[in-house]
Amino acid sequence: MKRSAPLLLLFAFTLSFNGCSQRATTTTTAADAHADHMMSSAPATGPAVNWAKEAVDRSPRHREWVTLKSGARNVSAFVVYPEVKNKATSIVVIHEIFGMSDWVQMEADELAAAGYIAIAPDLLSGMGPKGGGTSDFGADNNAIGKAIRDLPHDQITADLNAAADYVSKLPAANGKVAVTGFCWGGGESFRFATNRPSLAAAFVFYGPGPESPDAIAKIKAPVYGFYAGNDARIGATVPKTQELMAGAGKKYDVVTYDGAGHGFMRAGDAPPPPADADEQTKTAYAGNKKARDAAWARWKSVLGKL
């Protein structure tokens, strides 16, 4: 692990996930993006197991779905409460290009386990073919990815503001709100920091930063970046972001996790590969698991100081 911009990088499974790139620079299909990223979070062989859903179902914490008003829109959001005595800081969790997945719900639950109120809005709410959200698309990952990349920026910001406003006013909340996001959501968490000056912090997991100095200038919250050593596409954007943030006098604390691939938080949460998996698969999993554990420790340490 090092505190620097990533150098030459190679995705753990030899494919780079392009799903969280900004729309202006996206050149691969959503289907390619989903297939590449999912390889980092599933065993190489054997039937798929919905380990994330099982983890959420086993959780003892109170969780609920709420409907948020975002202008004329209704936004569905997953909320998990910590089992703590005092009022808690809240965290808005922005999903990957996979939309409202079981893993995002699991991540929200893990934040609640650490003592925080977590809210994960489904940013595809009302955008599904039947007027619903992510679940409307079924297993059509290509359609999910395309729909997410086509979301208007102003709509995303309004939906995230609705989520932040909601949790900040809960009786169990202390009023502090941070934001986090993964992959596509990582880029959106950085962008949200340019639009909501009251944020306590922004946590960016392998997502690109804003390219506009004017946008950077609007950031008030400290930004913490979590990047993979084997992720050239996103890693190549970090030095420029560091330059812009430093030039504007903004806090941008970057850590790159050597041996990890893009999507290491999801991949490191997954069960280990089978004993007969090839060495490349085992090595990739070990790198992602190590990065995930180190990132969690760092994340919780920073959250504890907000």
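This passage describes the fold of a single protein chain, from its overall make-up to its sheet, helices, cores and two loop residues.

The model is predicted. The protein chain holds eleven helices and eight strands. Of its 306 residues, 56% are buried. Among the contacts in the chain with a separation of 6 or more, 73% link residues 24 or more positions apart. The chain exposes about 12,700 Å², and carbon and sulfur atoms supply 54% of that area.

The eight strands form an open sheet with mixed pairing, in the order β1-β2-β4-β3-β5-β6-β7-β8. At its edges stand β1 (63-70) and β8 (252-261), each of which pairs on one side only. From one strand to the next, the twist averages 25°. Strands of a sheet pair through backbone hydrogen bonds, in either the parallel or the antiparallel sense. Both senses are represented here, as the pairs described below illustrate. Strand β2 (residues 73-80) runs antiparallel to strand β4 (residues 117-121), and four bridges join the two. In this pair, valine 80 is placed opposite alanine 118 of β4.

Strand β5 (residues 173-182) has parallel partners on either side in the strand order, namely β3 and β6. Six bridges connect β5 with strand β3 (residues 88-94), and serine 90 stands opposite valine 177 in β5. The pairing of β5 with strand β6 (residues 202-205) comprises four bridges, with phenylalanine 182 opposite phenylalanine 205 in β6. Seven of the ten residues of β5 are buried, so the strand is largely enclosed by the rest of the structure.

Two helices are described in relation to the sheet. Helix α5 (residues 153-168) packs on the sheet and touches β1, β2, β3, β4 and β5, its direction making about 125° with that of β1. Helix α6 (residues 184-193) lies across β3, β5, β6, β7 (223-230) and β8, and runs at about 135° to β5.

A further helix, α3 (residues 102-113), has twelve residues and reaches 16 Å from its first C-alpha to its last, close to the 16 Å expected at 1.5 Å a residue. Ten of these twelve residues are buried, so α3 is largely enclosed by the rest of the structure. The buried set includes nonpolar residues such as Trp103, Val104, Met106 and Leu111, together with Gln105, Glu107, Asp109 and Glu110. Glycine 115, which follows α3, has a positive phi near 110°.

The largest nonpolar core contains 47 residues, of which Leu68, Val92, Ile117, Ile119, Trp184, Val223 and Tyr252 touch the most other members. Helix α5 contributes the largest share of this core, with six residues. Another core lies apart from it and has 39 residues, including Val80, Ala178, Ala201 and Ala260.

Most residues other than glycine have a negative phi. Against this background, two loop residues of the chain may be noted. Cysteine 183, in the loop between β5 and α6, has a positive phi of about 60° although it is not a glycine. Its relative accessibility is 0%, under the 20% limit, and cysteine 183 therefore counts as buried. Tyrosine 206 is found in the loop between β6 and α7 (213-217). The phi of tyrosine 206 is likewise positive, at about 40°, although this residue is not a glycine. Tyrosine 206 also counts as buried, because its relative accessibility is 0%.

Technical notes: Residues numbered from 1 in each chain as written. Predicted model: local features only at pLDDT ≥ 70, side-chain atom pairs only at ≥ 80, totals over all residues. Heavy atoms only, no water. Expected span 1.5 Å × (residues − 1). Buried < 20%, exposed > 50% of the residue type's maximum accessible area, 1.4 Å probe, protein only. Contact = heavy atoms within 4.5 Å. Areas by Shrake-Rupley, 256 points an atom, 1.4 Å probe, with all protein chains shown as cover. Pairing = 2+ DSSP bridges. Axes fitted to C-alpha atoms, helices over the stretch in contact; angles between N-to-C directions. Core = buried A, V, L, I, M, F, W, Y, C linked by side-chain atoms within 4.5 Å.
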